[in-house]
Amino acid sequence: MNLLTNILIGIIAAQHLYFFYFESFAWTTTGRKIFKQFPKEFFQQTKSMAANQGLYNAFLAAGLIWSLLIEDPTWSIYIAIFFLGCVSIAGIVGAFTASKKIFYIQGLPAILTLVLIHLL
């Protein structure tokens with residue numbers, strides 16, 4: 001992969017590490033600021049579910065970081081494509097189930113990075 005795709009993958013991985021943090025450790029504070037449309041009592045009630053969701057974001061970040069560390073260029077691309085595909089699907093599902101902003105923040109960057117990988 002080239003430098004641009006590596007940078008984009010790194011940014012997407014960093015996003016997912018942030019998602020992991022706020023969903024797992026700051027759901028009742030940061031989560032309320034991000035998802036303003038949900039009632040305040042929702043966050044305490046869903047704290048354990050958000051922590052579980054945060055863990056999935058940590059796995060996505062780990063996979064993307066792993067793709068950057070693989071020395072074999074072919075396998076590096078395969079792993080990146082797999083995890084970017086997972087992020088893309090999560091962004092699409094999040095747009096339909098929680099907030100359309102999720103697509104633009106999570107799904108679109110992953111989709112654009114996938115397109116870029118296939119073009120280069």
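Let's start where two helices meet in this predicted model: from α5, the residues I77, A80, I81, L84, G85, V87, S88, A90, G91, I92, G94 and A95 touch I102, F103, Q106, G107, A110, I111, T113, L114, I117 and H118 of α6. Sorted by class, this contact between α5 and α6 holds 14 nonpolar and eight polar residues, with no charged ones.

How are the two helices arranged? Two packed helices are described by the angle between their axes and the distance between those axes. Here α5 spans residues 73-97 and α6 spans residues 101-119, and their axes come within 8 Å of each other, crossing at roughly 150°. Angles over 145 degrees count as roughly antiparallel, so α5 and α6 are roughly antiparallel to each other. The crossing of α5 past α6 is left-handed.

Now follow L84, a member of the α5 side of that contact. Leaving aside residues up to four places away in sequence, L84 touches A110, T113, L114 and I117, and also I9, I12 and L64. This brings us to the nonpolar cores. In soluble globular proteins, nonpolar side chains tend to be buried together. The largest nonpolar core in this model has 14 residues, and L84 is among those with the most contacts inside it, along with I9, I12, L64 and V87. Which elements give two or more residues to this core? They are α1 (3-24), α4 (47-69), α5 and α6. The largest share, five residues, comes from α5.

Have a look, too, at a second core, separate from this one: it has eight residues, including F19, A26, F35 and A50.

Definitions and conventions. Residues numbered from 1 in each chain as written. Predicted model: local features only at pLDDT ≥ 70, side-chain atom pairs only at ≥ 80, totals over all residues. Heavy atoms only, no water. Axes fitted to C-alpha atoms, helices over the stretch in contact; angles between N-to-C directions. Helix = DSSP H or I, 4+ residues; strand = E, 2+ residues; numbered from the N terminus. Parallel < 35°, antiparallel > 145°, perpendicular 65-115°, else oblique. Left-handed = near helix turned anticlockwise from the far one by under 90°. Contact = heavy atoms within 4.5 Å. Nonpolar A, V, L, I, M, F, W, Y, C, P; charged D, E, K, R; others polar. Core = buried A, V, L, I, M, F, W, Y, C linked by side-chain atoms within 4.5 Å. Buried < 20%, exposed > 50% of the residue type's maximum accessible area, 1.4 Å probe, protein only.
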